[in-house]
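Work through the exercises below with the structure in view. Try each task before reading its solution.

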Amino acid sequence: MEVKRYEIPGLVNRPSWWKVRTNEIESICRNIKNGSCTAAGKTPWGFPVYQVVYNDYPDSSNEVNWMSVMSTKTPELFGNKEGSPQTVMISGGIHGAEIEGVILVLNLISLLETGVDLRGRKNDKLLELARLYRLVLFPCVNMDGRAVSPDHRLGASIEECRRAGEGFWTNDKVIRWPEMKEYFPLPLERVAHTGGYCNSEGYNIMHDGTPGNIKTAEALAILKAAEKYKVDLYLNLHSQPETPCNGFRMHSMCSFPYSIEVVKELSRRCKKVLEERGFVYEPDAVRKIPCKLDINTPVHLCSGAATATIEFAARDPENFDVIADTGYAFLETILESGKEMLFCDRKNWKTLNAQYNTQL
Ligand SMILES: [Zn+2]
């Protein structure tokens, strides 16, 4: 099978540490020693969906699912024993061209494996924080999309970013929102280049969350891990070329009110830290709760996890270091916050949700 990568002409060459091609991701994952690395699924083109777990511990909870136990007086029976590390799940590359999250997860893996990131730089603060959690990492979910995407979109025109990221039809027009979401999967006979958005069968994994009808092995891997590891916080990493801003996207309306508050608070803290470090954040840390669904919703519903999509700026950062360091600013802030707050307080679930429920 020959896969052709879409190249954006005229961009600067990536630095040697920017290991984002599928064979490079595979090589990093295969060499993991301090964590466990498994193929949690296989993409339509046969790439493994790597799942990497650090600081794992035996499951101490009852054999019960979250929906059931939530109706009892002891919803914490689903979670992990008091005092055990919180579980944070992070996925990069659900949209394969959106490379910023992939490089962040790979840098984190490098820190945990070698003590230095892919650049050879230390980040002892992040390393120390990361060791406080059980981490479930998906470095690159959509390996098919990654295989056809450029190494980066730094400095590209908005048109080229969209062509690479979202693909184009046989009439050469970019596959744009909202039309792209009128199909599931995309009608591939009308597509000249699928872009990094979908997998090679045309499925947008971000929207593959219908219970009872999951279409992709990639989405299934995420949903299974969310329940198996009783995830407390899920960070779904993306990027966008439309604005120079980095920021959080909120939960959907179909989320528990307490979890929405957790994400709002994390976003406020990230805005403060990113701006202190000179990175661009959304003007409003807390945006409107969107009236739509994506894969974060079933993750939330099967585990109780607070879930957030983080959107990095895809073409505006000055250089590759800014991308890496922006990712660190988010992660350090979020993991630091978890030292004093529970991302998913199942024990006090009912009280906290009643407290924030404006419909009562
Ligand atoms: Zn995306």
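**Exercise 1. Find the residue in S4 that stands opposite Ile-90, then place its strand between its neighbours.**

Step 1. Leu-137 in S4 stands opposite Ile-90. The model is predicted: local features need pLDDT of at least 70, side-chain atom pairs count only at pLDDT 80 or more, and totals for chains, interfaces and linings use all residues. Residues are numbered from 1 along each chain as its sequence is written, and side-chain values use heavy atoms, with hydrogens and water left out.

Step 2. Look at strand S3, residues 87-91. S3 and S4 run parallel, joined by 5 bridges. Strands are DSSP runs of E with at least two residues, helices are runs of H or I with at least four, and both are numbered from the N terminus. Two strands pair if DSSP finds at least two bridges between them.

Step 3. Turn to strand S2, residues 48-54. S2 and S4 run antiparallel, with 3 bridges. Val-53 has Val-136 in S4 as its bridge partner.

**Exercise 2. Which way do the side chains of S4 point, and are they buried or exposed?**

Step 1. Recall the general pattern. In a regular strand, side chains alternate between the two faces of the sheet.

Step 2. Sort the residues. Arg-134, Val-136 and Phe-138 point one way. Leu-135 and Leu-137 point the other way.

Step 3. Check the cover. Buried means under 20% relative accessible area, exposed over 50%, and partly exposed in between, with a 1.4 Å probe and protein chains only. In S4, residues 134-138, 5 of 5 residues are buried.

**Exercise 3. Locate Phe-343 and explain why it counts as buried.**

Step 1. Phe-343 lies in the loop between helix H10 (320-337) and helix H11 (349-356).

Step 2. Its relative accessibility is 0%, so Phe-343 counts as buried.

Step 3. List what it touches (contact: heavy atoms within 4.5 Å). Leaving out residues up to four places away in sequence, the partners of Phe-343 include Val-88, Tyr-133, Leu-233 and Ile-334.

Step 4. Compare sequence and space. Val-231 is 112 residues from Phe-343 along the chain, yet their C-alpha atoms are separated by 9.3 Å.

**Exercise 4. How many helices and strands does the chain have, and how much of it is buried?**

Step 1. The chain has 11 helices and 9 strands.

Step 2. Buried residues make up 58% of its 360 residues.

Step 3. Among contacts with a separation of 6 or more, 75% join residues 24 or more positions apart.
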